[in-house]
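Reader: I would like to walk through this model in short steps. Please take me through its cavities, sheets and helix contacts.

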Amino acid sequence: MDLVEWMVKLAANELRDIERLRPQLSPSGHAIQVRVYAEDPYKNFQPSADKLTQVEFPCGEGIRIDHWIEAGIEIPPYFDPMLAKIIVHADDRPKALSRLSNTLASTHIYGCVTNISYLSALAVDPTLTQGKVTTRYLNDFRFTPSRIDVLQGGTQTTIQDVPGRRGYWDVGVPPSGPFDTRSFRLANRLLNNTENSAGLEIAVQGPQLLFSTETTIAITGAQISAELDGKAVPMWQTVPVQAGQTLTLGRIKEQGARAYLAVKGGIDCPEYLGSRSTFTLGQFGGHNGRSLRAGDVLSMDESCCQQTTPDRVSPEALYSELLPSSQEAPWTIRVIYGPHGAPDFFTEEDITTFLAHEWEVHYNSSRTGVRLIGPKPDWARKDGGEAGLHPSNIHDNAYAFGTIDFTGDMPVILGPDGPSLGGFVCPATVITADLWKLGQLKAGDKIAFHPVSIEEAVQLEAAQNQAIESLTPIVSHYKTADIRSPIVAHLSADRVGDDVVYRTAGDHFLLVEYGDKVLDIRLRFRAHALMQWLQQNPLTGMAELTPGIRSLQIHYDSQQLSLSDLLTHLQTGELALYAQLTELSVPSRIVHIPLSWDDDACRLAIEKYDQSVRKNAPWSPSNLEFIRRINGLDSIEDVKSIVYDASYLVMGLGDVYLGAPVATPVDPRHRLVTTKYNPARTWTAENSVGIGGSYMCVYGMEGPGGYQFVGRTLQMWNRFKQTKEFEQPWLLRFFDQIRFYEVSHDELTQIRKDFPQGRYPLRIEETCFSLSEYEAFLADNTAATEQFTEQRQQAFSDELARWHRDGQFNYTAQEQTIQQTEAQWPESSTVIDSPVSGSVWQSSVTVGDTVSAGQELLILESMKMEIPIYAPTAGTVTHVLVSSGQQMQAGHALIVMEESA
């Protein structure tokens, strides 16, 4: 037995006679112990409490580590700050010190500040290595880490990197990364950083940062006031920073929406799924999965600073031709027509109007998507059939980055934090070379779409990449393309059993669709078969494969792989697969999960929607009553029985982020059909369960949404911990079957605490799903299925007719814009204006209230951010000029105060 085993047995009282063991024990070698604390040595060992997002300890000969921590744990401020003991053993003291240094270098704890880097510096200090250290010596030991202290976090400052998080689109993980990739890349290029070096994205109001060591920075993007120790510093060029200097970034000025800060070598933080980019909605990546706030510490490790490209030369400042134009109004955004166009979904006039109109950016926009205000389509269809009541509804497919998604009648340009899968039509997709412009759009901006060909889009991207790499302006011309069908190829059913249509989705995505626009599980099998064939027969330049209900999306690098070569390869696959389709069988687990019916969180989301998005919608105040009515059922209890009796087959993951399943009942008689919210909700609680079209979805995370609520369940995603159910962060797999059982709201609350920790086991049955057996089941139940479908369709048609009759079909949002009138208050009054265009979320004061300086007065909502407004001075509120839900432009007066005497 080794020493550790002796100690364990002693602690367990399993060493019967320790005196008899004494002769077998003899000391040898040298051992050193250090203790890891949640303390900041740079700030006189100040306590550091926060959430841990990375915990990694090495193991090996001569290493013993005792600890209680793991990723996802919140370090509280109430207890002893010791996190771990690290003990190393070696033959002699020099070897023990070497082993200690290596062990500390391989120990990674991120989330709160620890003393690990202090211990690492101390372990190689000459005084200690020579054995001359005393307790008093530590008073004189000087330790200066390479770090940035966040004195103020700004409105929304996040860590991002390029190209962001790739490879997980099929399970609902967006790329994130900088919204304006061009400005971000130029900042890194100025500093000669590697392309994937992490930096900061800044929105509305910038942070205040204290640098501990000398470095160099670059500020790019939207014009923002920047001062280093009170002296203005320029943008778009390198700026030296001395140790101890403070950088203050103020408000974004008139043009643009986001600024960027790059630091020599980049900012160091753990990668999550291959990227350092922050995805705030998913609460992962960057610094603890959130925006920066006062007290945070960012690392500039030497290892990170060595990640530069030495063979490139960078100027101190950029050519003016490389800077974005500050006079562009409206913004010109070039697009590729498709994947969904006329005459299948839109009328020819709809497409003409869409491309000719000057659109306005809605205040309720964000990194998930840029909402647009403009004309509503006439639509080529009356409804979306089984996919939903509104003609914008389709059977779910994967979205392209930057696609323009009609969520009902309102278009939304999907951003870097947008969803990967959804059931809305997309008439155009922004080209890769222009995606950066989306990050600089702010509320009230005007934009115009210009269609270009795929060939020109590829050339424009190549020119942009060359300009960034060489830091030399590259002149690239383009011309507006003629509007042609987004369908670029087609295989007939005569050749491969079902019609196969190939639709362009920008210059980096292709959408392969199968058969008629109906819900047919056989078509999902076809998409699965092609996905497997492509995985076995990869093509250089292909990136990700994301299946939909009756489609497969191919993400490819058009700088490496041409569209024509990709099409040839895909058609070869279809011809090879055709004869094998009827024999397909796939693994299919039956996963039993709890459901809290009509959960409190769902009711809250409906209330918020009614307040801030659309009042008196047909599905309010009860989604369940709406589901009953539109399906022709007698009672809400009938709705409940169907939901709990159904076995939902998982057709796709990531419908609303993070492993969220889009599933349909295996038995067609369990397929309740609804329409989705129009416009969509801006907030939905994590793991809400809803029905949209013929599909059930479990929301993977908090965010927007449009499905009609039935309840709430447990987590679909586990950010940090592996358990029996979570071998990877997502719970479910393609072709799993979900079956619900009922629990109360309180029971679910406890389940949601226990399940991520592995303390709530699920019943999971392993089985297979055979296409031939399923089609035999359908044949045996044809009559009953047709009777159910006819009843449902009649109720669906009655609801649609009611909408047309009541004017609810073509919904027009009524924005409550504040009309500013002539001032009715003394000139000595303090008038507090809105710093942004947006809406009022919540007011905390009324006329007559006495407030103190710095007190929160109200909260605005703009670009999906909550922006608090504080009292600039002490005084009395004399006028409150706004109310909840009202929209205002930047500069509008909000509150008037009389200062205290």
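**Cavities, strands and helices**

Author: Start inside this predicted model. The largest cavity is lined by 27 residues, and D405, T407, P419, A680 and P704 lie nearest its centre.

Reader: Which elements give two or more residues to the lining of the largest cavity, and which gives the largest share?
Author: Five strands can be named. β21 (369-373), β23 (403-407), β24 (410-414), β25 (421-424) and β39 (703-705) each give two or more residues to this lining. The largest share is 4 residues, and the strand that gives it is β25.

Reader: What is the volume of the largest cavity, and how does its lining divide by class?
Author: The volume is about 360 Å³. By class, the lining has 12 nonpolar, 9 polar and 6 charged residues.

Reader: How many cavities of 30 Å³ or more does a search of the whole structure find?
Author: The search covers the whole structure and keeps cavities of 30 Å³ or more. The largest cavity, at about 360 Å³, is one of them. The second largest holds about 90 Å³. The count is 7.

Reader: Which residues are closest to the centre of the second largest cavity, and which strand gives the most to its lining?
Author: This cavity of about 90 Å³ is lined by 13 residues, and closest to its centre are I394, H395, E513, K517 and R550. The lining divides into 3 nonpolar, 6 polar and 4 charged residues. With 4 residues, the strand that gives the most is β22 (residues 393-398).

Reader: In what order do the strands of the closed barrel run?
Author: The barrel has 7 strands, with mixed pairing. From one strand to the next, the twist averages 40°. Strands of a sheet pair through backbone hydrogen bonds, either parallel or antiparallel. The order here is β19-β26-β23-β24-β21-β20-β27.

Reader: How many bridges join β23 to β24, and which residue stands opposite I404?
Author: β23 and β24 run antiparallel and are joined by 4 bridges. Look across to β24 for the partner of I404: the residue opposite is I413.

Reader: Which strands does helix α9 lie across, and at what angle does it run to β27?
Author: Helix α9 covers residues 348-356. It lies across β19 (331-337), β20 (359-361), β23, β26 (428-430) and β27 (446-451). Its angle to β27 is about 125°.

Reader: Where is P339, and what is the omega of the peptide bond from G338 to P339?
Author: P339 sits in the loop between β19 and α9. The bond from G338 is cis, with omega near 15°.

Reader: Which residue that is not a glycine has a positive phi of about 70°?
Author: Look in the loop between β21 and β22. A residue there has a positive phi of about 70° although it is not a glycine. That residue is W379.

Reader: Which are the edge strands of the open sheet?
Author: The open sheet has 5 strands in the order β9-β10-β17-β12-β15, with antiparallel pairing. Neighbouring strands are turned by 25° against each other on average, direction ignored. An edge strand pairs on one side only, and the two are β9 (156-160) and β15 (238-241).

Reader: Which residue of β17 stands opposite L200?
Author: β10 (residues 199-203) and β17 (residues 258-263) pair in the antiparallel sense over 4 bridges. Opposite L200 stands L261.

Reader: At what angle does helix α7 run to β12?
Author: Helix α7 (residues 181-190) lies across β9, β10, β12 (215-221), β15 and β17. To β12, the helix runs at about 155°.

Reader: Why do α16 and α20 count as roughly perpendicular?
Author: The axes of α16 (residues 623-630) and α20 (residues 782-806) come within 7 Å and cross at roughly 115°. The range from 65 to 115 degrees counts as roughly perpendicular. The two helices are therefore roughly perpendicular to each other.

Reader: Which residues make that contact?
Author: By class, the contact has 5 nonpolar, no polar and 4 charged residues. From α16 come F626, R629 and I630. From α20 come R792, A795, F796, E799, R802 and W803.

Reader: Where is P621, and what is the omega of the bond that joins S620 and P621?
Author: P621 is in the loop between α15 (600-612) and α16. The peptide bond is cis, and omega is about 5°.

Terms used
Residues are numbered from 1 along each chain as its sequence is written. This is a predicted model: local features need pLDDT of at least 70, side-chain atom pairs count only at pLDDT 80 or more; totals for chains, interfaces and linings use all residues. Side-chain values use heavy atoms; hydrogens and water are left out. Axes are lines fitted to C-alpha atoms, for helices over the stretch in contact, and angles run from 0 to 180 degrees between N-to-C directions. Angles under 35 degrees count as roughly parallel, over 145 as roughly antiparallel, 65 to 115 as roughly perpendicular and the rest as oblique. Contact means heavy atoms within 4.5 Å. Ala, Val, Leu, Ile, Met, Phe, Trp, Tyr, Cys and Pro count as nonpolar, Asp, Glu, Lys and Arg as charged, and the others, Gly among them, as polar. On a 1 Å grid over the protein atoms alone, a cavity is a set of points where a 1.4 Å probe fits but cannot get out, and a pocket is an open set with protein on both sides within 12 Å along at least five of seven lines; lining residues have an atom within 4 Å of a point. Grid points are joined across faces, edges and corners, and a volume is the space filled by probe spheres set on the points. Two strands pair if DSSP finds at least two bridges between them.
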